[in-house]
Amino acid sequence: MKLVADPTNRHLLDDWQRDFPVISRPFKVLAEDTGLSEDEVIARLSHLQRNGTITRVGGTCAPNTLSASTLAAVAAPIDEIDRYAQIINEELGVNHSYEREDDWNIWFVVTGPDREHVNQALARIERRTGSRVLDLRLVRPFNVDLGFRMTGTTAPKNTFIPKPADMSAIIAGDREVMHALTRGLEIVAEPYAALSAALGRSEEDILTRITALSDAGILSRLGVIVRHRALGWRSNAMVVWDIDHDRITEAGPQLATLPGVTLCYERQPVNGTWPYRLYSMIHAKSREDAQAVLASAANLPGLRDVPHKALFSTRCFRQTGAMIAANKVAAE
């Protein structure tokens, strides 16, 4: 576990995982907040990125707004897990992939500029592995914002219930802006100027569009994105619940606001193969802590006596930003 011993670094990581300033010199705001100089803030965040404590300073895109995505799984033979994982990660739109404790043992998220891109990626994976791929499409999100507190508690910090995205706010060029944000801003004094230069646009235009996308709920978070495993949240469990669609209307919000539950979605089941509709993520510092959160979840009014199972993660193969625009992402 990578401890963040320096109190100033803890403050930077704790308080700036969202609401990153959308102004020409955003790191000046962080400097004023921490009592450092702008150069010192930039140096600290650059170092934290180099040593793997944070992945980027950037954004996350509300699912299925400017891009398409799905959760998928394959049942890899035990002696072929590494080969399957390599095949899956050769798809540039795969931004998360994990080995989990289940017969369906490799789970991954496929993203792309549209649904056809996702479909083609799934088809290639199915063809190359020779195994069926579960396509578990999003129905509705209840909690999609992931953040982790560095001090004061072992539980992830409070998360935010998503507001409906206003798709009418999208205009030409927004996809390229969101793609750049999900890959990460340059950690320099004027990161939006660097972004605008890369896109051949004015900084004023970029700042205006980022604000508009945030206000519309399409840019769901802008801030410091930490590597939760490196910081101690190593017990990662995806809990799936076999519950009817109508009951999820009550149970989903209860589960989404439970301390320790970091993500919560309804997804389409696969008839005859995978009946689970409600998904929740638990991130904890130990398996025991995760199981305690699960016990609390199973005791919620909307989830009592609901069949469920916890798929603990054993390996992380990839964790990066989503693919929003085609042909601009290199494998990481």
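This report describes aromatic pairs, charges over rings, helix packing and some long-range contacts in one structure. The model is predicted, and the values given below are computed from it.

**Aromatic rings**

A search of the whole structure finds three aromatic pairs. In one of them, F20 and F27 meet edge-to-face, with 5.4 Å from centre to centre and 65° between the planes; the arrangement counts as edge-to-face because planes over 60 degrees apart are classed that way. Both partners, F20 and F27, are buried.

Another aromatic pair is made by W107 and W274, which are tilted, with their centres 5.3 Å apart and an angle of 55° between their planes. This pair links distant parts of the chain, since W107 belongs to strand β4 (residues 106-112), whereas W274 is found in the loop between β9 (261-267) and β10 (278-284), 167 residues apart. W107 has a relative accessibility of 2% and therefore counts as buried, and W274, also at 2% relative accessibility, counts as buried too. Together with Y276, the residues W107 and W274 form one aromatic cluster.

**Charges over rings**

Two arginines are placed over aromatic rings, and the table sets out each arginine with its ring.

| Arginine | Ring | Distance to ring centre |
|---|---|---|
| R267 | Y265 | 4.9 Å |
| R287 | F312 | 3.9 Å |

R267 lies over the face of Y265, while in the other case it is the charged end of R287 that sits over the ring of F312.

**Helix packing**

Helix α4 (residues 81-89) and helix α5 (residues 115-129) have axes that come within 10 Å and cross at roughly 150°. Because of that angle, α4 is roughly antiparallel to α5, and the crossing in which α4 passes α5 is right-handed. On the α4 side the contact is made by R83, Y84, I87 and I88, and on the α5 side by I125, R128 and T129.

How are helices α7 and α8 oriented towards each other, roughly parallel or roughly perpendicular? Helix α7 (residues 191-199) packs against helix α8 (residues 203-215) at an angle of about 105°, and their axes are 8 Å apart; α7 and α8 are therefore roughly perpendicular to each other. Where the two helices meet, α7 contributes Y192, A193, L195, S196 and L199, and α8 contributes E203, I206, L207 and I210.

**Residues brought together from separate parts of the chain**

G52 is placed in the loop between α3 (38-50) and β1 (54-61). Although it is a loop residue, G52 is buried, because its relative accessible area is 17% and the limit for a buried residue is under 20%. The C-alpha atom of G52 is separated by 8.5 Å from that of V226, a residue 174 positions apart from G52 along the chain.

S235 offers a further example, this time in a strand, since S235 lies in β8 (residues 235-241). With a relative accessibility of 7%, S235 counts as buried. From C-alpha to C-alpha, S235 and K285 are 5.6 Å apart in space, while in sequence they are 50 residues apart. When residues up to four places away in sequence are not counted, S235 touches I282, H283, A284, K285, S286, R287, A290 and F312. The contacts of S235 thus include both R287 and F312, the two residues in which the charged end of an arginine sits over a phenylalanine ring.

Technical notes. Residues are numbered from 1 along each chain as its sequence is written. This is a predicted model: local features need pLDDT of at least 70, side-chain atom pairs count only at pLDDT 80 or more; totals for chains, interfaces and linings use all residues. Side-chain values use heavy atoms; hydrogens and water are left out. Rings of Phe, Tyr and Trp (its six-membered ring) pair if their centres lie within 6.5 Å; planes under 30 degrees apart count as stacked, over 60 as edge-to-face and the rest as tilted. Buried means under 20% relative accessible area, exposed over 50%, partly exposed in between (1.4 Å probe, protein chains only). Helices (H or I, at least four residues) and strands (E, at least two) are DSSP runs, numbered from the N terminus. A charge sits over a ring if NZ of Lys or CZ of Arg is within 6 Å of the ring centre and within 35 degrees of the ring normal. Axes are lines fitted to C-alpha atoms, for helices over the stretch in contact, and angles run from 0 to 180 degrees between N-to-C directions. Angles under 35 degrees count as roughly parallel, over 145 as roughly antiparallel, 65 to 115 as roughly perpendicular and the rest as oblique. A crossing is left-handed if the near helix is turned anticlockwise from the far one by less than a right angle, and right-handed if clockwise. Contact means heavy atoms within 4.5 Å.
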